[in-house]
Amino acid sequence: MAWIYALLIFIAGAIVGAFATRLSNKGLKQQKELKKELDKSKYELEQFRQELVDHFAQSSELLDNIAKDYSKLYEHMAKTSTELMPNLPEQDNPFAHRISTLEAVKDVKESQDEQPRDYANGATGLLKDQKPEVVSEETKPVAEESKAS
């Protein structure tokens, strides 16, 4: 009789175990599918971001090229209008009042292209207890005159 009870307990345990395994496998299977979808979505999002970065980089380059070409075209039109029509009054020349502005913009661009210096003009006085004398390009003649007096 003891072996009948043991057999019944074993069968009941097997049924409960199979039922528990079946329930847990559905959740595990669903979890694996969700993880797979999440990884796929992350990959697609990263690809989209990279494509977006590439798109904006290319767009920026194209816009820069357009701006340079437009500037060259405008400069060409301004120069040729003054060369081909030298006797034309300034008020009749559509580029005349903008030529000086164009040159000013060109000078600003050239000054921005210069690399910054990694040194100062003269001694800075960092290692002394005195205040440093700052000499810029604009105040250089004034500073030299005050030393000479």
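## Working through a long helix

Phe10 is exposed, with a relative accessible area of 61%. Keep that residue in mind, and remember throughout that this is a predicted model.

**Exercise 1. Place Phe10 in the structure and find the surface group it belongs to.**

Step 1: find the element. Phe10 sits in helix α1.

Step 2: check the exposure. Exposed means over 50% relative accessible area, and Phe10 has 61%, so it counts as exposed.

Step 3: look for company. Phe10 is part of a nonpolar surface patch, along with Met1, Trp3, Ile4, Tyr5, Leu7, Leu8, Ile9, Ile11 and Ile15. Together these residues offer about 1200 Å² of accessible area.

**Exercise 2. Compare the reach of helix α1 with its expected span.**

Step 1: get the extent. Helix α1 covers residues 2-84, which is 83 residues.

Step 2: get the expected span. At 1.5 Å a residue, you'd expect 123 Å.

Step 3: compare. From first C-alpha to last, α1 reaches 120 Å, close to that expectation.

**Exercise 3. Find the salt bridges and work out how the partners are spaced along α1.**

Step 1: set the cut-off. A side-chain nitrogen of Lys or Arg has to lie within 4 Å of a carboxyl oxygen of Asp or Glu. By that rule you get three salt bridges.

Step 2: take the pairs in turn. Lys35 bridges to Asp39, with the closest N and O atoms 3.7 Å apart. Lys68 pairs with Asp64 at 3.4 Å. Lys79 and Glu75 meet at 3.2 Å, N to O.

Step 3: check the spacing. Lys35 and Asp39 are four residues apart in helix α1, so about one helical turn separates them. Lys68 and Asp64 are also four residues apart in α1, again about one helical turn. For Lys79 and Glu75, four residues along α1 likewise means about one turn.

**Exercise 4. Is Glu75 buried or exposed, and how do the other bridge partners rate?**

Step 1: recall the classes. Buried is under 20% relative accessible area, exposed is over 50%, and partly exposed is in between.

Step 2: sort Glu75. At 19%, Glu75 is buried. The buried residues of α1 are Glu75, Tyr74, Ala78 and Ser81.

Step 3: sort its partner. Lys79, at 41%, is partly exposed.

Step 4: do the remaining pairs. Lys35 is partly exposed at 47%, and Asp39 is partly exposed at 38%. Lys68 comes in at 47%, partly exposed, while Asp64 is partly exposed at 40%.

Terms used: Residues numbered from 1 in each chain as written. Predicted model: local features only at pLDDT ≥ 70, side-chain atom pairs only at ≥ 80, totals over all residues. Heavy atoms only, no water. Helix = DSSP H or I, 4+ residues; strand = E, 2+ residues; numbered from the N terminus. Expected span 1.5 Å × (residues − 1). Buried < 20%, exposed > 50% of the residue type's maximum accessible area, 1.4 Å probe, protein only. Patch = residues over 30% accessible without salt bridge, like charges linked within 9 Å, V, L, I, M, F, W, Y side chains within 5 Å. Areas by Shrake-Rupley, 256 points an atom, 1.4 Å probe, with all protein chains shown as cover.
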